[in-house]
Amino acid sequence: MYPLRLVLVCCSLSACGATAQDPPAEEKESGYQEFKVHENGLIYDASTMSALKHIVDSMNIRHRKCDVWKTYYSYPQAVCHVVRLDTGNIKGAINDMKASISYNRFIEKYPHAKIQEKMLAIAYLNDYDDKTKAVIQAVELGEEGGNRVSLDDTAIINTSHAGQWIFDYWEGSEYVPEAVTAFYLLSPLQQKALPAKYASMIQYADCMVDTTAQVYIGNARSGRWEDEEASPAIAEFVAYADRQTSKPDDTAFKNNYEAFYTAITKWQTGVDDKIREAAQNPEYRLKLNRALKEAYSKKVSTSEFEYYAAPTVNKDTLLFLKRCRIVVGGCSMDQAPRYHALEIAKLSAEAVNWEVFLRSHLDVMNDNFERVTDGNYAWGSRQTYIGELEALEIEVTPLLLGISLRIDNPAGNHYFGSIGRLGRAMSESREKQKQEDAMVSMISDPELDDFNRILIAYLFRNCLHHVENKETKNKSAAELRRAIATMPPHYSSRLIIKEE
């Protein structure tokens, strides 16, 4: 049981500096562990792993018997020139684009336009303020790309043609001048069907990561701080439990973090016994039952409530409570979202609730959490825990690649992974060489759409970033460079992989 309330309090006391989740220097030097590791070397105990492995075995057998039953399509994409103009006769430029001015004539007439030639544009639909819009975006290649336009005309994705201008006008503000961002298409936006071997990876991911499941229940509340107004009965119970267990009041320490940390740590020693003792009191049980009834009816909870409930309620109840709220990190060093997700994963694993377990574990692997701020100095301590998936004998190579590929027609609630985090997980995988070979094949495959080839190249690069052995890293980098060289030159020339 993690001191969730302590996480919240310490961030406020320390202004997001050292917190209860920031390990002391001596812990870092001696091999700091983010989460408790059991005797089996994993964050889930042996009995839990054994129960989960039985599920994985049956799912693997089922998947091997299935043919690829669905055709997956890439995002619509096209080669284009990207133009941005924020000075001069912008209205005139827009009128010229509407009149289908040629690209060469445009750059002659508007020499101040910023140009990126032969970029890859992808198109997709997105919702803005309850309205669906078409988004055309230039894929980042090296230091270029990232520009996008958003249009009300969603049909343009299917009706585009070579030589067409697609643009978006920004009228400007007090601080930002007016501008127009435009894409001049060298080819129409087109989709490609993914070859069956890649569709199989996506299908394996969907087999393992149930697309009908959700980690959180209904309209789970999302926020940084506890919402006591949403549940008076929970707030009343927590205040009562604070008094019954003599919990230190953080307001009495007047921002003296060290003193409060010492007091709260002392209080936590044996607190479970204090809670069980207090639970013998009929008034305690009455207030707890009222709080639980309100939690179930409103689908709400708080970290403090779960902390006090944990020693006296069954695991199914505790899992329900935790799934009622989404934890948002207050700062880079706030590990509360990760601890919360791990608690859900652990409880789900112990209940052999595979659907919730794997999604929650993947959230930890992908660091799929919202934070108010997040600096890269905090990323290193957040482990991926790919070893747990490998110990379950999940086929991690198709799983990781299946959630890396981007498709236009995924199953509802398909799990998309973070390219940065998955690259790190691959660097820690016992199947690293197998994954590198697969990525080289994908990057080099002209049957795979250009966007996914570029994306897998970034995945490989992120994997290399976390490889410590210089000789191994340079050898793999050479393989990546050879694979990138097979791509169209206007892309490969921008994807520079340097030797270290």
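User: Before we go further, which residues of H14 meet which residues of H15?

Analyst: In this predicted model, Arg338, Ala341, Leu342, Ile344, Ala345, Ser348 and Ala349 in H14 meet Val356, Phe357, Ser360, His361 and Val364 in H15. Sorted by class, the contact of H14 with H15 has 8 nonpolar, 3 polar and 1 charged residues.

User: How should I read the geometry of that pair, and at what angle do H14 and H15 pack?

Analyst: One begins with the angle between the two directions and the separation of the axes: helix H14 (residues 336–350) and helix H15 (residues 354–365) pack at an angle of about 155°, with their axes 8 Å apart. Angles over 145 degrees count as roughly antiparallel, and H14 is therefore roughly antiparallel to H15. As for handedness, H14 passes H15 in a left-handed crossing.

User: Turning to the sheet, in what order do the strands stand?

Analyst: The order is read across the sheet, from one strand to its partner, and not along the chain. Here 6 strands form an open sheet in the order E4-E3-E2-E1-E6-E5, with antiparallel pairing. Strand E4 (148–151) and strand E5 (165–170) are at the edges, where each has a single partner strand, so one side of each is left without a neighbour in the sheet. From one strand to the next, the twist averages 30°.

User: How many bridges join E1 to E6, and how many join E1 to E2?

Analyst: Strand E1 (residues 77–85) is joined to strand E6 (residues 179–185) by 6 bridges, the two running antiparallel, and 7 bridges join E1 to E2, again antiparallel. Particular residues help to fix the register on either side: Leu85 stands opposite Val180 in E6 and Arg84 stands opposite Thr181 in E6, whereas Cys80 stands opposite Met119 in E2.

User: Which helices are placed against these strands, and is E1 largely enclosed or left open?

Analyst: Helix H4 (residues 90–98) packs on the sheet and touches E1, E5 and E6, its direction making about 155° with that of E5. Helix H20 (residues 450–465) lies across E1 and strand E2 (114–128), and runs at about 100° to E2. As to E1, 8 of its 9 residues are buried, so this strand is largely enclosed by the rest of the structure.

User: What should I make of backbone angles, and where is Lys299 found?

Analyst: The general expectation is that most residues other than glycine have a negative phi, which makes a positive value worth checking in its context. Lys299 has a phi near 55°, a positive value in a residue other than glycine, and is found in the loop between helix H11 (282–298) and helix H12 (303–309). With a relative accessible area of 37%, Lys299 is partly exposed.

User: And Asp367: what is its phi, and does the residue count as buried or exposed?

Analyst: Asp367 has a positive phi of about 50° although it is not a glycine, and its place is in the loop between H15 and helix H16 (386–391). Buried means under 20% relative accessible area, so Asp367, at 13%, counts as buried.

User: Finally, how many helices and strands does the chain have, and what does the C-alpha trace span?

Analyst: The secondary structure comes to 22 helices and 8 strands, while the C-alpha trace spans about 85 × 55 × 45 Å along its principal axes. Of the 500 residues of the chain, 52% count as buried. Among contacts with a separation of 6 or more, residues 24 or more positions apart account for 72%.

How values were computed: Residues numbered from 1 in each chain as written. Predicted model: local features only at pLDDT ≥ 70, side-chain atom pairs only at ≥ 80, totals over all residues. Heavy atoms only, no water. Pairing = 2+ DSSP bridges. Helix = DSSP H or I, 4+ residues; strand = E, 2+ residues; numbered from the N terminus. Axes fitted to C-alpha atoms, helices over the stretch in contact; angles between N-to-C directions. Contact = heavy atoms within 4.5 Å. Buried < 20%, exposed > 50% of the residue type's maximum accessible area, 1.4 Å probe, protein only. Parallel < 35°, antiparallel > 145°, perpendicular 65-115°, else oblique. Left-handed = near helix turned anticlockwise from the far one by under 90°. Nonpolar A, V, L, I, M, F, W, Y, C, P; charged D, E, K, R; others polar.
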